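The exercises below are for a reader who has not met this structure before. Each one sets a task and then works through a solution.

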Amino acid sequence: MVFSLSMVSIESALPMLAAGGIGAPTLPDLGWFTNSIFVAIVVTTAILLFTRMATKRMEMVPGAKQNFVEYLIEFLYGQVEGIVGKHVAPKAFPLLATIFIFVLVSNWFGLIPGVGTIGFGEKTGPVSVDSSFTDADGLYTFVPLLRPSTADLNMTLALAAVFMCVWLYLSISELGLWGTIVHIFGPKGGVQGALKWGLMIVFIIVGIIEVVSIMFRPMSLSLRLLGNIYAGETLLHTMGGLGETLGFPGWLAKISSVIFPLPFYFMEILVGALQATVFSLLCAVYIKLSTTHDGEEHH
Amino acid sequence: MASILETFGLDWAKFLSQVIIVLIVYGILSKYAFGPVLAMLEVRRRRIAEGEANLETIKAEMGRAEEKVRDMLAKANADAERLIAEARESAETTRNQKTQEAVKEAQQILEKAREASRLEHESAMNELKRDFGRLVIDATSKVTGKVLDEKDQKRINDEAVGQVAL
């Protein structure tokens, strides 16, 4: 086994971008129907079928599936209730639990062998796992058949957008329209009297900053999830092809394509769960911040 | 901003389709998973609470029943002791009465026996005296060789019986 690292150029050591680049490619002749939308539909169907099977004939003494779903929902409800409070929890829980379950399953679905690796391309033929071909502009021509839906900005932004709509509804339903405006721009910290009016300009500026931060929430939520999942996918691709990139002999490159990504698979399982938790946890915190009455904050 | 989003692959048609997918998952999960499961959990929680309440009621009732049983046992014990005491007293009385009766009866039997013995003794003595008198008469008749008349027989008999001091 003789090979030299000096043979490896910097260019060839660059990561192989997963799923043919960060933009979700459209499947041929299907318009808006992308590989990530297809995966999202598969994930949705899987979640719905499983929950339907588990909850179709609910019994007082639950079976294994019902027990699992009950455990998960009870656990999530407890967490949500702990953050947003008993009053808002029943309204906020369905969305937060949906986000958590959907993101978690989508993230883990991306780790199934073949997702992001089996596809087709201009130079690769109808079905291939070779994603290294690029066009004249240096863009990857490989189109994977399946792509994790959370590695697509359209999905992560869709999740954030739906959340923001529900967040706005919950905020206004809890505090009222005027109450929400006062909550954002009004005096904070229980300031009273002349000081309140003296600091009003400061509170208004703080309110404007708050509005800007709220407007950026969908982007921060969606890009954080996208970045983590896409980076994880890219990492696995890069580690999978590392042996070949480093100029290993064929048989060793094949073995290394299994061994190198293996630790990162475990890490990605953890990242998948962590990102689902972070996304839903931040959503819960945003709901908590905007639905808490000013009087409650001081208690 | 638009170019950044384009670089990241944002496309409004794709975005809307993803929004629709998220809304479908949200709606269906809310209707078919969270709703029924939370309702079931609430039913189970209520049933457990009812079970606990029933358990408390049963415990209280059991306590009352135990107390009642204790009272009944105490009363039964007192009754039993009273009955035993009464029985013992009655037995003692009966025993004394029976003993007295037995003693009295025994004395009567002894008296009768003594009387019977005395009468039998007297009868035996009389018989013996008669036999003795007859033997003396027979002996006298044989020794003297003469036939004794009724007068002699009576005299000899009286003399013989008079000499026998039984």
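**Exercise 1. Confidence**

Find the elements of chain A with the lowest and the highest mean pLDDT, and decide how far the predicted model can be read.

Solution. Start with the elements of chain A: helix α11 (residues 294–297) has the lowest mean pLDDT, 54, and α3(A) has the highest, 93. Next take the chain as a whole: chain A averages a pLDDT of 81, and 80% of its residues score at least 70. Then look at the start of the chain, where pLDDT stays under 50 over residues 1–15 of chain A. For that stretch the model has 15 contacts beyond four places in sequence. Where pLDDT is low, the predicted coordinates should not be read in detail.

Turn to chain B, which averages a pLDDT of 86, with 98% of the residues at 70 or above. Among its elements, helix α1 (residues 2–7) of chain B has the lowest mean, 72, and α2(B) the highest, 89. For the model as a whole, the scores are ipTM 0.76 and pTM 0.70.

**Exercise 2. The form of chain B**

Work out how chain B compares with a compact globule of 166 residues.

Solution. First list the elements: chain B has 3 helices and 0 strands. Second, compare radii of gyration: a compact globule of 166 residues would have one near 15 Å, whereas chain B has 62 Å. Third, check the spans of the C-alpha trace along its principal axes, which are about 190 × 30 × 20 Å. Finally, look at burial: 8% of the 166 residues of chain B count as buried.

**Exercise 3. Helix α2(B)**

Does α2(B) lie largely in the open or largely buried, and what do its buried residues pack against?

Solution. Count first. A residue is buried if 20 or more other C-beta atoms lie within 10 Å of its own. Of the 133 residues of α2(B), 12 are buried, so the helix lies largely in the open. Next, locate the buried ones, among them B:Lys14, B:Phe15, B:Leu29 and B:Val37. The buried residues of α2(B) pack against α1, α2, α3 and α4 of chain A. Follow the axis of the helix: α2(B) bends by about 45° at B:Ser30. Just after α2(B), B:Gly145 takes a positive phi of about 75°.

Then widen the view to the whole interface, where 28 residues of chain B are in contact with 36 residues of chain A. On the chain B side, these divide into 21 nonpolar, 4 polar and 3 charged.

**Exercise 4. The largest nonpolar core**

Which residues of the largest nonpolar core touch the most other members?

Solution. The core has 58 residues, and A:Ala92, A:Leu96, A:Ile99 and A:Phe163 touch the most other members. Elements that give two or more residues to this core include α1, α3 and α10 of chain A, together with α2 of chain B. The largest share, 13 residues, comes from α3(A). Now take one member: leaving aside neighbours within four places in sequence, A:Ile99 is in contact with A:Leu159, A:Phe163, A:Phe279, A:Ser280 and A:Cys283.

**Exercise 5. One residue in α3(B)**

Which residues are in contact with B:Asn157, leaving aside its neighbours within four places in sequence?

Solution. B:Asn157 lies in helix α3 (residues 150–163) of chain B. Its contacts are B:Gly133, B:Val136 and B:Ile137. B:Asn157 and B:Val136 are 21 residues apart in sequence and 7.1 Å apart in space, C-alpha to C-alpha. B:Asn157 has 19 C-beta neighbours inside 10 Å and so counts as partly exposed.

How values were computed. Residues are numbered from 1 along each chain as its sequence is written. Chains are lettered from A and ligands numbered from 1 in the order in which they are written. This is a predicted model: local features need pLDDT of at least 70, side-chain atom pairs count only at pLDDT 80 or more; totals for chains, interfaces and linings use all residues. A nonpolar core is a set of buried Ala, Val, Leu, Ile, Met, Phe, Trp, Tyr and Cys residues joined through C-beta atoms within 7 Å. Helices (H or I, at least four residues) and strands (E, at least two) are DSSP runs, numbered from the N terminus. Two residues are in contact if their C-beta atoms, placed from the backbone, lie within 7 Å. The bend at a residue is the angle between axes fitted to the seven residues ending there and the seven starting there. Ala, Val, Leu, Ile, Met, Phe, Trp, Tyr, Cys and Pro count as nonpolar, Asp, Glu, Lys and Arg as charged, and the others, Gly among them, as polar. The radius of gyration is taken over C-alpha atoms; the globule rule is 2.2 Å times the number of residues to the power 0.38. pLDDT is the predictor's confidence in each residue, from 0 to 100.
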